[in-house]
Amino acid sequence: MFNVFHRHQNNIALAVAALERYSIKPEVQQRLRAFLQQSDRRELYHANPKRIAEKLQLSERETLRVLVIALKEGILTLNWDIQCPACRGIDFKPKSLSDLRTNHLCTACDSVYATDADEQVRVTFSIDEKLRRLEKAFDDPAFRAKIDAEYGVVSGHQLLTLQTFRDLFPRETILPNESLVIQRVAILFTDLAGSTALYARRGDSRAYNLVRQHFDLLFHVVDAHNGVVVKTIGDAVMAAFTVPSDAMQAAIAMNHQMQALNLRLQLAAEDQLILKIGIDVGPCISVNLNERLDYFGTTVNTAARVEAKSLGNDIACTENVLIDSDVANVVKDFPRVGNTMSLKGLDTQIMVYRIQPKQAIASIK
Ligand SMILES: [Zn+2]
């Protein structure tokens, strides 16, 4: 007994020590080790990340980052548990995104329902069997249900908008021809105004060097605001956020930082990088496009069309974005202009607002 127990504890300690190279703080490593070595093994079976966040004394987002790194290092396994909307039973089988289908059959009550990454799919983590065996006795649904009720759950969609997950598991995606329902996502598009002229004036390599720096800046801002870069298209970036006010905060930070970059590079007025931004929020579906997880639907199309209405150094968005109370609070002191516009490819006219972040104006003039 002594040997087996101590071998496990030692293996866990060694495995967690490997997280050092990801710049995970020693105190966080120590708390993770204590969590994995604890005596109550029910905690380690389909563990709720919100519960682990409390143990690690980190934010939910920081916790997910640590857990995804631990997943990469083989310390944990990831589960895409699905809760049936009819009988509330949980299907524990999906171990990867490719196990999820457009429609899910509940084997307990025979209901078939569209797989919803916000409402039904939730992520949990288990300790890898190599480190510690979890016998059947530790699978305690009542124990987990109590934790879920107390802490809430982390949706599959939240993990999909974690940049670390996309970076470490770029091939993790759903199958072609399958899709997941996304109840609500804020889609943000950016583009550079006048970049064609910039390339012509500065030459391809100098212009590209500027564009590259602008990409680095935007990627950093998206990650810092809990979002994910879905893809780049030419000089444009498409990003997704589960919380609309995160998208708006990111847009404001992009505006400020781009203007700071222009100042730092001491660019002549005609060579300055002018960022156009558009945001919409709403439902869409998540699909596998070119081996990569992408979003598809009217919200995505609208966000792209709204970005085209941005004049640069401003933020264009739809009314759906502004009616979010947190967004309204973030932009309450900023001047805005609203116009009813018809957007290319969309049947109905919609209100598009252009918001001018205050500091941005002050630093231009
Ligand atoms: Zn069911």
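This briefing walks through the salt bridges, the domain interface and a few individual residues of the structure above. Please keep in mind that the model is predicted. The domain assignment splits the protein into domain 1 (2–164) and domain 2 (179–364), and a search of the whole structure turns up 21 salt bridges. The area buried between the two domains is about 1,500 Å², and one salt bridge is counted between them.

**Salt bridge within a helix**

- Let's start in helix H4 (residues 60–72), which holds both Glu-62 and Arg-65. These two residues are three apart in sequence, about one turn of the helix.
- Glu-62 and Arg-65 form a salt bridge, and their closest N and O atoms are 3.3 Å apart.
- How exposed or buried is Glu-62? Its relative accessibility is 35%, so Glu-62 counts as partly exposed.
- Arg-65 counts as buried because its relative accessibility is 19%, and the cut-off for buried is under 20%.
- Arg-65 also has a salt bridge with Asp-223, where the N to O distance is 3.4 Å.

**Salt bridges between distant parts of the chain**

- Arg-122 and Asp-148 meet through their side chains in a salt bridge, at 3.1 Å from N to O. This pair links distant parts of the chain: Arg-122 sits in strand E5 (residues 121–127) and Asp-148 in helix H5 (residues 141–151), 26 residues apart.
- Both ends of this bridge can be checked for burial: Arg-122 is buried, with a relative accessible area of 8%, and Asp-148 counts as buried at 18% relative accessibility.
- Another salt bridge joins the side chains of Asp-271 and Arg-202, at 2.6 Å from N to O. Asp-271 lies in the loop between helix H10 (244–264) and strand E9 (274–289), while Arg-202 belongs to helix H8 (residues 195–202), so the pair ties together parts that are 69 residues apart in sequence.
- Asp-271 is buried, with a relative accessible area of 8%, and Arg-202 is buried as well, with a relative accessible area of 19%.
- Asp-40, Arg-42 and Asp-140 are joined into one network by salt bridges that share partners.

**Where the two domains meet**

- How far apart do the C-alpha centres of domain 1 and domain 2 lie? The distance is 33 Å.
- Domain 1 brings 18 residues to the contact, and domain 2 brings 16 residues.
- Carbon and sulfur atoms give 55% of the area of about 1,500 Å² buried between the domains.
- Which three residues supply more than any other three of the area that domain 1 buries against domain 2? They are His-157, Thr-161 and Gln-163, which supply 34% of that area.
- The count of salt bridges between domain 1 and domain 2 is one. Eleven residue pairs are found in polar contact across the interface, with both residues at pLDDT 80 or more.
- On the side of domain 1 that touches domain 2, H4 and helix H6 (156–160) each supply at least two residues. H6 gives the most to this side, with three residues.
- The residues on this side of domain 1 divide into six nonpolar, six polar and six charged.

**A buried glutamate in helix H11**

- Glu-307 is found in helix H11 (residues 298–308).
- Is Glu-307 buried or exposed? Glu-307 counts as buried, because its relative accessibility is 9%.
- Setting aside neighbours within four places in sequence, Glu-307 is in contact with Phe-189, Thr-190, Asp-191, Lys-276, Ile-277 and Gly-278.

**Positive phi values in the E9–E10 loop**

- Most residues other than glycine have a negative phi, which makes the next two residues a handy pair to look at.
- Asn-290 is not a glycine, yet has a positive phi of about 55°. Asn-290 lies in the loop between E9 and strand E10 (292–296), and counts as exposed because its relative accessibility is 66%.
- Glu-291 lies in the loop between E9 and E10 too. Its phi is positive, about 65°, although Glu-291 is not a glycine. At 57% relative accessibility, Glu-291 counts as exposed.

Technical notes
Residues numbered from 1 in each chain as written. Predicted model: local features only at pLDDT ≥ 70, side-chain atom pairs only at ≥ 80, totals over all residues. Heavy atoms only, no water. Salt bridge = Lys/Arg side-chain N within 4 Å of Asp/Glu carboxyl O. Helix = DSSP H or I, 4+ residues; strand = E, 2+ residues; numbered from the N terminus. Buried < 20%, exposed > 50% of the residue type's maximum accessible area, 1.4 Å probe, protein only. Domains from an automatic or database assignment. Contact = heavy atoms within 4.5 Å. Buried area = accessible area lost by both parts, 1.4 Å probe. Polar contact = N/O pair within 3.5 Å; in protein donor to acceptor, adjacent residues only side chain to side chain. Nonpolar A, V, L, I, M, F, W, Y, C, P; charged D, E, K, R; others polar.
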